[in-house]
Amino acid sequence: MRYLNKYQDEFDVLDAMEKDFIDEELIHSLLDANKNPGRDEVRRVLEKSRNCIRLDLDEMAILIGNNDPDTIQEMFGVAFELKKEVYGDRIVFFAPLYISDECANNCKYCGFRSSNVAIHRKTLNMQEIEEEVQIMIDEGQKRTVLVYGESPKTNVDFMCESVRKVYEVKTENGEIRRANINCAPLAIDELKKLKEVGIGTFQVFQETYHRKTYESVHPQGTIKGHYRWRLYAMDRALKAGLDDCGLGVLFGLYDWRFELMALLMHTMHLEKHFNGVGPHTISFPRITPATDTPFSLNPDYAVNDDDFKRIIAILRLSVPYTGLICTARESAQVRESVIPLGVSQIDAGTRIGVGAYSHAKHANMLPDKEQFTIGDSRSLDDVVGQICEMGNIPSFCTACYRAGRTGEHFMKVAKSKFVHNYCIPNAVLTFKEYLLDYATDETRLEGERVLAEHLNNLKGDAFEKTQAMIRRIEKGERDLRF
Ligand code: SAM
Ligand code: SF4
């Protein structure tokens, strides 16, 4: 059907393509062929992951089909080791900033969908963005992801203006140093504008790769209803020069086994067409209850906690170089249990309504009209403290993207396991800033212990240089990095 919107010509080109890169038949046949594999087969695949090599589809299918408790535990162990080897045991922190909940789409699972009259619609103006960012910086945030619905009010020029505003806000100690974007798919000329204002990762989640399910939850006639427009969002981003791309699936819409295989197919497609550049990050939100959104209360393919753990470990093992993001949709307990399986980024101190940071500060409460509920509403400082107790080092690092280590360059570094040569020293430096500028006494005490431990594990030159930079930070310098 014709949609008659500004992307219509591009929709027509996509519609005329004989096929796209998601081969549903192949996915189903590989899943069927690899149910309950032998332990030797599973261990052969784990050996490949251990060497930090991206898995092929049949290998991922073996991990998915494995139901043997012993080798599932082995899988968790290798995922843990692999994450440590590729990224070091640092966890990167960020917080989302909801810019607008105005949306012309009508996704069944989302509180922002156009037919939801329970939502009070709002787009922040520049003054309000400034207020939100100020509060985030005062809490210690350095990285954010800006979230938008799909509406003419938040077109790409507005997005660019909002990104510039976010970068403009400075306080005595801080500023937001990396603004990622989570928005609707865009055309190449629009994406080039986002590149110019210096966004970090460009995130678009496919939600579900299963066509029939996609059509059933995204009404035809809406822009989001066009499966291929979304499927090729990252191809256009990479063509526009945005080379840190974030993929994702919304778990609960269709069978998680199918979705994992499709995520890997998407990864392989990007690697093939863009000089080996796969996704910079993969997100795996599970549907959580949203205001006046019955579908979100009881999704058809709800993923339980045990399967959620397998999903994360399998992603880590299958795409070793990618960052894995576990958001505050999950409870503190769930996050604690999945972080050791290969998660590399989490949000904390999260508020998800439009204007929610100001609202929480002034009214000391969360707005009641949200896109979905969050499971972990602890403060940034509380989560930082817990991450330290788990033996990980919190990181507020934004060095790679600011040093131009993105896309192909990042992939080479990440794939060859050298990222921890940057990641750990930069985690130490940015965490030192956090401890000096924002931490409570209790977190500072625990944090200094974790920081010293990680500093002392650095070897030779890296140790000397990092230690010297720490002294400069103690004397008042900020934003030092490798
Ligand atoms: N409007 C843009 C879009 O849909 O791509 C981006 C913003 S949307 C608010 C960001 C993501 O939130 C969606 O891609 C979807 O995966 C997720 N989401 C929507 N409803 C949700 C729910 N009930 N529970 C958890 N995540 C949800
Ligand atoms: Fe709009 Fe995105 Fe929500 Fe769909 S998921 S209704 S496009 S904000």
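**Exercise 1.** Is Glu 130 buried, exposed or partly exposed, and what is its relative accessible area? Place the residue in its salt bridge within this predicted model.

*Solution.*
Step 1. The relative accessible area of Glu 130 is 29%. Buried requires a value under 20% and exposed a value over 50%, so Glu 130 is partly exposed.
Step 2. The side chain of Glu 130 meets that of Lys 165 in a salt bridge, with 3.3 Å from N to O. This pair links distant parts of the chain, since Glu 130 belongs to helix α6 (residues 126-139) and Lys 165 to helix α7 (residues 156-168), 35 residues apart.
Step 3. Lys 165 has a relative accessible area of 13% and is buried.

**Exercise 2.** Determine which parts of the chain the salt bridge between Asp 68 and Arg 39 ties together.

*Solution.*
Step 1. The closest N and O atoms of Asp 68 and Arg 39 are 3.0 Å apart; the cut-off for a salt bridge is 4 Å.
Step 2. Asp 68 is located in the loop between α4 (57-65) and α5 (69-87), while Arg 39 is in helix α3 (residues 39-50), so the bridge ties together parts that are 29 residues apart in sequence.
Step 3. Asp 68 counts as buried at 17% relative accessibility, whereas Arg 39, at 38%, is partly exposed.
Step 4. Helix α3 also contains Arg 50, which is partly exposed at 40% relative accessibility. The C-alpha atom of Arg 50 is separated by 6.3 Å from that of Leu 82, although these residues are 32 apart along the chain.

**Exercise 3.** Describe the salt bridge within helix α21 and the packing of this helix against α22.

*Solution.*
Step 1. Asp 441 and Arg 444 form a salt bridge whose closest N and O atoms are 3.2 Å apart. Both residues lie in helix α21 (residues 441-457), three residues apart, or about one turn of the helix.
Step 2. Asp 441 is exposed, with a relative accessible area of 62%; Arg 444 is partly exposed at 27%.
Step 3. Helix α21 packs with helix α22 (residues 460-474) at an angle of about 145°, the axes being 8 Å apart.
Step 4. On the α21 side the contact is made by Leu 451, Leu 455 and Asn 456, and on the α22 side by Phe 463, Thr 466, Gln 467 and Ile 470. By class, the residues in this contact are four nonpolar, three polar and no charged.

**Exercise 4.** State how many salt bridges the structure holds, and identify the members of a network of them.

*Solution.*
Step 1. The structure holds 41 salt bridges.
Step 2. One network links Glu 175, Arg 177, Arg 402, Glu 433, Asp 479 and Arg 481.

**Exercise 5.** Characterise the largest nonpolar core and the surroundings of Tyr 209.

*Solution.*
Step 1. The largest nonpolar core has 160 residues, and those with the most contacts inside it are Phe 93, Phe 202, Tyr 209 and Leu 260. Helix α12 (residues 256-273) supplies the largest share of this core, nine residues.
Step 2. Beyond neighbours within four places in sequence, the contacts of Tyr 209 include Ile 22, Tyr 227, Leu 231, Phe 258, Ala 262 and His 266.

**Exercise 6.** List the residues around ligand 2 and classify this shell.

*Solution.*
Step 1. The residues are Cys 103, Asn 105, Cys 107, Tyr 109, Cys 110, Phe 112, Arg 113, Gly 149 and Lys 224.
Step 2. The shell divides into five nonpolar, two polar and two charged residues.

Key
Residues are numbered from 1 along each chain as its sequence is written. Chains are lettered from A and ligands numbered from 1 in the order in which they are written. This is a predicted model: local features need pLDDT of at least 70, side-chain atom pairs count only at pLDDT 80 or more; totals for chains, interfaces and linings use all residues. Side-chain values use heavy atoms; hydrogens and water are left out. Helices (H or I, at least four residues) and strands (E, at least two) are DSSP runs, numbered from the N terminus. Buried means under 20% relative accessible area, exposed over 50%, partly exposed in between (1.4 Å probe, protein chains only). A residue is near a molecule or strand if one of its heavy atoms lies within 4 Å of it. Ala, Val, Leu, Ile, Met, Phe, Trp, Tyr, Cys and Pro count as nonpolar, Asp, Glu, Lys and Arg as charged, and the others, Gly among them, as polar. Axes are lines fitted to C-alpha atoms, for helices over the stretch in contact, and angles run from 0 to 180 degrees between N-to-C directions. Contact means heavy atoms within 4.5 Å. A nonpolar core is a set of buried Ala, Val, Leu, Ile, Met, Phe, Trp, Tyr and Cys residues joined through side-chain atoms within 4.5 Å.
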